[in-house]
Amino acid sequence: MTPEEVGRRVVELLAPVEATASVSGGQGYARATVDVPPASWADAVRAARDDAGLGCDFLDWLSAVDELADGFDVVAHLWSVRHRHGLLLRTRIPRDAPVVASVVDVFPGAAWHERETHEMFGIDFAGHGELRPLLLPPEFEGHPLRKEFVLASRVAKPWPGAKEPGESEAGGGRRPIRPPGVPAPGEWGTTPTPAGAAGVGEGPRGGTPARPARERPARPAPGERPARPGPDDRPIPAASRPTGPARREPAPPPPEPGPLGRPVPGERPTGPARQEPAADPAGPEPGGAAEAGES
């Protein structure tokens, strides 16, 4: 059955009781939603379970919604294991008298759901008989899921993200860390510190000194070469070197000659200069070469 068909079937089963059928959102997960009067709440749950066409034999969950001045909406989600379709039953009860019939006799598993709804919203389920606390201690006062309920932890102590660990109301302690890319307050302009100190403000911790502005040289005109600094304009080194004659390191001793007069590696061999044979000034005798060839 489609969600529209499920809703129409529930309205037919509850006639002549005035019930309104609609379809919830969720596209493929849409459910038929039927609003019934509080007096017909238990009858609607039983009819959805016993009808053969609906067959909603599984109670998925039961809870409530705080609608402030309009009261409370008690909602139950039923599911058909055989037909694979769901149904949302909903009824609205007044805020000054939040009472509705229990469905424990229809679905025994609803006992825990009704106990939780009772302690979280303050809704009474007539016929339950054992609305004991389920999640909260017995001495707990109030109903936490009501919208007018104020969380005690926010009233008793400040929000944990307000200060870093170790900081006090007077200031001091660790410096708060800014997210990446967020500039410090002083980078957007001068802001006086709360304590009146010089610098820029950083909140209740006091001020931090502002960074001095650096003077940048003027840019040369187009086509003009920048002038080089003269000798007097060059920066003086922080520590000057002592003046005086340069220190001479002693020359290394000459290497010892190798055995049997051999040269040491890296040394050129020494000895008498090589003599080339002297050329004959008279030149070769005529016919000498020819005679040597003939012979």
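Tutor: Rings of Phe, Tyr and Trp count as a pair if their centres lie within 6.5 Å. By that criterion, this predicted model holds two aromatic pairs.

Student: What makes phenylalanine 72 and phenylalanine 121 an edge-to-face pair?

Tutor: Their ring centres are 6.4 Å apart and their planes meet at 75°. The distance falls within 6.5 Å and an angle over 60 degrees counts as edge-to-face, so the pair receives that name.

Student: Which parts of the chain does this pair link?

Tutor: Phenylalanine 72 lies in strand β4 (residues 72–80), and phenylalanine 121 lies in helix α3 (residues 110–121), 49 residues apart. Both phenylalanine 72 and phenylalanine 121 are buried.

Student: Why is the pair of phenylalanine 140 and phenylalanine 149 called tilted?

Tutor: Their centres are 6.2 Å apart, and the planes stand at 35°. Stacked requires under 30 degrees and edge-to-face over 60, so this pair is tilted.

Student: How do you know whether phenylalanine 140 and phenylalanine 149 are buried, partly exposed or exposed?

Tutor: Phenylalanine 140 has 35% relative accessibility, and phenylalanine 149 has 26%. Buried means under 20% and exposed over 50%, so both residues count as partly exposed.

Student: Why is alanine 64 classed as buried?

Tutor: Its relative accessibility is 9%, which is under 20%, so alanine 64 counts as buried. Alanine 64 is found in strand β3 (residues 58–66).

Student: Which residues does alanine 64 touch, not counting those up to four places away in sequence?

Tutor: Alanine 64 touches Asp73, Val74, Thr117, Phe121 and Ile123. The C-alpha atoms of alanine 64 and threonine 117 are separated by 6.6 Å, although these residues are 53 apart along the chain.

Key. Residues are numbered from 1 along each chain as its sequence is written. This is a predicted model: local features need pLDDT of at least 70, side-chain atom pairs count only at pLDDT 80 or more; totals for chains, interfaces and linings use all residues. Side-chain values use heavy atoms; hydrogens and water are left out. Rings of Phe, Tyr and Trp (its six-membered ring) pair if their centres lie within 6.5 Å; planes under 30 degrees apart count as stacked, over 60 as edge-to-face and the rest as tilted. Helices (H or I, at least four residues) and strands (E, at least two) are DSSP runs, numbered from the N terminus. Buried means under 20% relative accessible area, exposed over 50%, partly exposed in between (1.4 Å probe, protein chains only). Contact means heavy atoms within 4.5 Å.
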